[in-house]
Amino acid sequence: MANYFKTVTDVKNDGTGPLHDLLVNLLSKRLRRAKIRHMGGVGGLKKNCKGLFTEFVNQLPKLDPNNPAHAADLRYRQGIIPDLMLDATSIDLPENVAKMLGDRTLADMKTLAPGTVH
């Protein structure tokens, strides 16, 4: 079965951004209501997770932004931004579940909707 992505002509980012943001914000509101600390979305401590990996990315070899050979690597590095980071320490969990989750869990929302084959 083929996967279909929602596409709209003449709209920046083919129209999937608003649907994605709506779902991230809905999840963020529910996390806030459940008193689960998190970053990202309208209910998060910060509205996004930009800069979460900056310390680690800055330790990688420097790439010249003017060198076309580095363009793909630079885009890849800039794209490492999760949608949400949940602080599992704010949840009262059984010990075996807490060990599985760790202290913090990253989440990245992916959206599929009926539409033109992408």
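What follows is a walk through the fold, the sheet, the charged pairs and a few individual residues of this predicted model.

Starting with the overall picture, the protein has 4 helices and 3 strands. Read from the N terminus, the elements come in the order α-β-α-α-β-α-β. Of the 118 residues, 20% are buried. As for how the chain folds back on itself, take the contacts between residues at least 6 apart in sequence: 54% of them join residues at least 24 apart. The exposed surface adds up to about 9000 Å², with carbon and sulfur atoms supplying 57% of that area.

The strands make up an open sheet of 3, ordered β1-β2-β3 and paired in the antiparallel sense. The edge positions go to β1 (38–39) and β3 (104–107); each has a single partner strand, so one side of each is left without a neighbour in the sheet. In general, strands of a sheet pair through backbone hydrogen bonds, and the pairing can be parallel or antiparallel. Here, β2 (residues 84–87) and β3 are joined in the antiparallel sense by 4 bridges. One concrete pair to look at is Leu 86, whose bridge partner in β3 is Thr 105.

On to charges: the count of salt bridges comes to 2. One of them brings together the side chains of Arg 37 and Asp 87, with an N to O distance of 3.1 Å. This pair ties together distant parts of the chain, since Arg 37 sits in the loop between α1 (16–33) and β1 while Asp 87 belongs to strand β2, 50 residues apart. The two ends of the bridge are covered to unequal degrees: Arg 37 is partly exposed at 41% relative accessible area, whereas Asp 87 counts as buried at 13%. The other bridge runs between the side chains of Lys 110 and Asp 108, at 2.7 Å from N to O. Here Lys 110 is exposed, with a relative accessible area of 66%, and Asp 108 is partly exposed at 40%.

Asp 83 is a charged residue that goes without such a partner. It lies in the loop between α3 and β2. Asp 83 is buried yet forms no salt bridge, and the nearest side chain of opposite charge, that of Lys 110, is 6.1 Å away. A salt bridge needs the nitrogen and the carboxyl oxygen to be within 4 Å, so at 6.1 Å the Asp 83 and Lys 110 pair does not qualify. What Asp 83 does have is a polar contact of 2.9 Å between its side chain and that of His 20. Leaving aside neighbours within four places in sequence, the contacts of Asp 83 include His 20, Val 24, Met 39, Cys 49 and Ala 107. Also on that contact list are Gly 40, Gly 41, Met 109 and Asp 108, the last of these being the salt-bridge partner of Lys 110.

His 38 is another residue worth a look. It is found in strand β1 and is buried, with a relative accessible area of 3%. The His 38 side chain reaches two backbone atoms: the oxygen of Ile 36 at 2.9 Å and the nitrogen of Gly 44 at 3.4 Å. Not counting residues up to four places away in sequence, His 38 touches Leu 84, Met 85 and Leu 86, among others. Its contacts also include Ser 28, Leu 31 and Arg 32, along with Gly 43, Gly 44, Leu 45 and Lys 46.

Two loop residues round things off. Lys 35 is in the loop between α1 and β1, and its phi is positive, about 60°, although it is not a glycine. Lys 35 is also exposed, with 66% relative accessible area. His 70, by contrast, is placed in the loop between α2 (54–57) and α3 (71–78). His 70 is partly exposed, at 21% relative accessible area; the cut-off for buried is under 20%. Beyond residues up to four places away in sequence, His 70 touches Leu 63 and Asp 64.

Definitions and conventions. Residues numbered from 1 in each chain as written. Predicted model: local features only at pLDDT ≥ 70, side-chain atom pairs only at ≥ 80, totals over all residues. Heavy atoms only, no water. Pairing = 2+ DSSP bridges. Buried < 20%, exposed > 50% of the residue type's maximum accessible area, 1.4 Å probe, protein only. Contact = heavy atoms within 4.5 Å. Polar contact = N/O pair within 3.5 Å; in protein donor to acceptor, adjacent residues only side chain to side chain. Areas by Shrake-Rupley, 256 points an atom, 1.4 Å probe, with all protein chains shown as cover. Lys, Arg positive; Asp, Glu negative; His and termini not counted.
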